[in-house]
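Subject: Structure for your review

Dear colleague,

Please find below the structure that I am handing over to you. My notes on it follow directly after.

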Amino acid sequence: MNIQVYGSASKAGVAVAQVFAAQIIRDPFSVLGLATGSTPLPTYEAMVELYKAGIVDFSTVRTFNLDEYVGISREHEQSYYSFMFEHLFSQINIDPAHVQVPNPVSENLDEDCIAYDAAIDDAGGIDLQLLGIGHNGHIAFNEPGDLFTYGTHIVELSKSTIEANKRFFASADEVPKKAMTMGIGTIMKAREIVLVASGKDKAQAVATMILGEIDPLCPASALLLHPQVTVFLDADAASLLH
Ligand code: PGA
């Protein structure tokens, strides 16, 4: 695991956007794995700047998002589908037909999950996956548990995740209780992974991931087994690494 520490979250975001730009320039047909949340915002801002500067062309890129809430529509302003269009897709020249966000709406959600993994495989697999990390060490919505999960699946969100995400809703009661998420196995299949964390509140999760045991109680610790992971931190998120 390669670790890079930057003076600020925005500097880390620029560095991550440059990694994505390099990937797209190397292979304009790249398959990218994308994330939502507050952490990737500086990265997406920097990607938009790179696009506007004529440095990156997203027209043939395909993307798969990590996760989506169950029980709210795509049009809901807090859906991850809406998030991606607001913060990235509407500001770059990506073809909307090339973007996929989990869409857990059918009668049989397990079938939606199987279809999502199959779509990633059909696209040739993910070349470069962007991740954040939750306070409890989750990646995507893979919450601490007894086992590292395999494929895309439906999860009950943990109390701490609902607590962390209530800032986007009128109250904790309105945060959906379930989500569809890529599994740890889905994420580990990506050829290269970039994890970003910023802020003091992420320092413990980052330290547990990097310095602790490989343990499903810290889902992000699975990344220690992946040969191609770079962790981009601001100084606050790195403050418990010695
Ligand atoms: P955040 O979420 O970027 O909003 O802190 C990250 C995560 O929970 O994976």
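I begin with Phe169, which is placed in the loop that runs between helix 5 (159–165) and strand 8 (178–181). Please bear in mind that this is a predicted model. Phe169 has a relative accessible area of 10%; the cut-off for a buried residue is under 20%, and Phe169 is therefore classed as buried. Along the chain, Phe169 and Gln228 are 59 residues apart, and 36 Å separates their C-alpha atoms.

The ligand site

The ligand occupies the space of the largest pocket. The residues around the ligand include a glycine-containing stretch, Gly37, Ser38 and Thr39. Gly132, Ile133 and Gly134 also belong to the surroundings of the ligand, as do His138, Arg167 and Lys202. By character, this shell comprises 6 polar residues, 2 charged residues and 1 nonpolar residue.

Three side chains make polar contacts that I would draw to your attention. In the side chain of His138, an N or O atom lies 2.6 Å from an oxygen atom of the ligand. For Lys202, the distance between an N or O atom of the side chain and an oxygen atom of the ligand is 2.6 Å. Arg167 places a polar side-chain atom 3.0 Å from a ligand oxygen atom. The ligand, when taken alone, exposes 280 Å², and the protein buries 83% of that area.

Two further residues

His153 belongs to strand 7, which covers residues 153–156. Its relative accessible area is 18%, so His153 counts as buried, the limit being under 20%. The side chain of His153 also reaches the backbone oxygen of Gly151, at a distance of 2.8 Å.

Ala140 is located in the loop that connects strand 6 (128–131) with strand 7. Which sign does phi take in Ala140? The value is positive, near 50 degrees, in a residue that is not glycine. For context, most residues other than glycine have a negative phi. Is Ala140 buried or exposed? With a relative accessible area of 9%, Ala140 is buried.

In inspecting the model, you may wish to begin with the ligand and the side chains of His138, Arg167 and Lys202, and then turn to the backbone at Ala140.

With kind regards

Note on methods: Residues are numbered from 1 along each chain as its sequence is written. This is a predicted model: local features need pLDDT of at least 70, side-chain atom pairs count only at pLDDT 80 or more; totals for chains, interfaces and linings use all residues. Side-chain values use heavy atoms; hydrogens and water are left out. A residue is near a molecule or strand if one of its heavy atoms lies within 4 Å of it. A polar contact is a pair of N or O atoms within 3.5 Å; within protein, one must be able to donate a hydrogen and the other to accept it, and residues adjacent in sequence count only if both atoms are side-chain atoms. Accessible areas come from the Shrake-Rupley method with a 1.4 Å probe; for residues, only the protein chains shown count as cover. On a 1 Å grid over the protein atoms alone, a cavity is a set of points where a 1.4 Å probe fits but cannot get out, and a pocket is an open set with protein on both sides within 12 Å along at least five of seven lines; lining residues have an atom within 4 Å of a point. A molecule sits in a cavity or pocket if more than half of its atoms lie within 2 Å of its grid points. Ala, Val, Leu, Ile, Met, Phe, Trp, Tyr, Cys and Pro count as nonpolar, Asp, Glu, Lys and Arg as charged, and the others, Gly among them, as polar. Helices (H or I, at least four residues) and strands (E, at least two) are DSSP runs, numbered from the N terminus. Buried means under 20% relative accessible area, exposed over 50%, partly exposed in between (1.4 Å probe, protein chains only).
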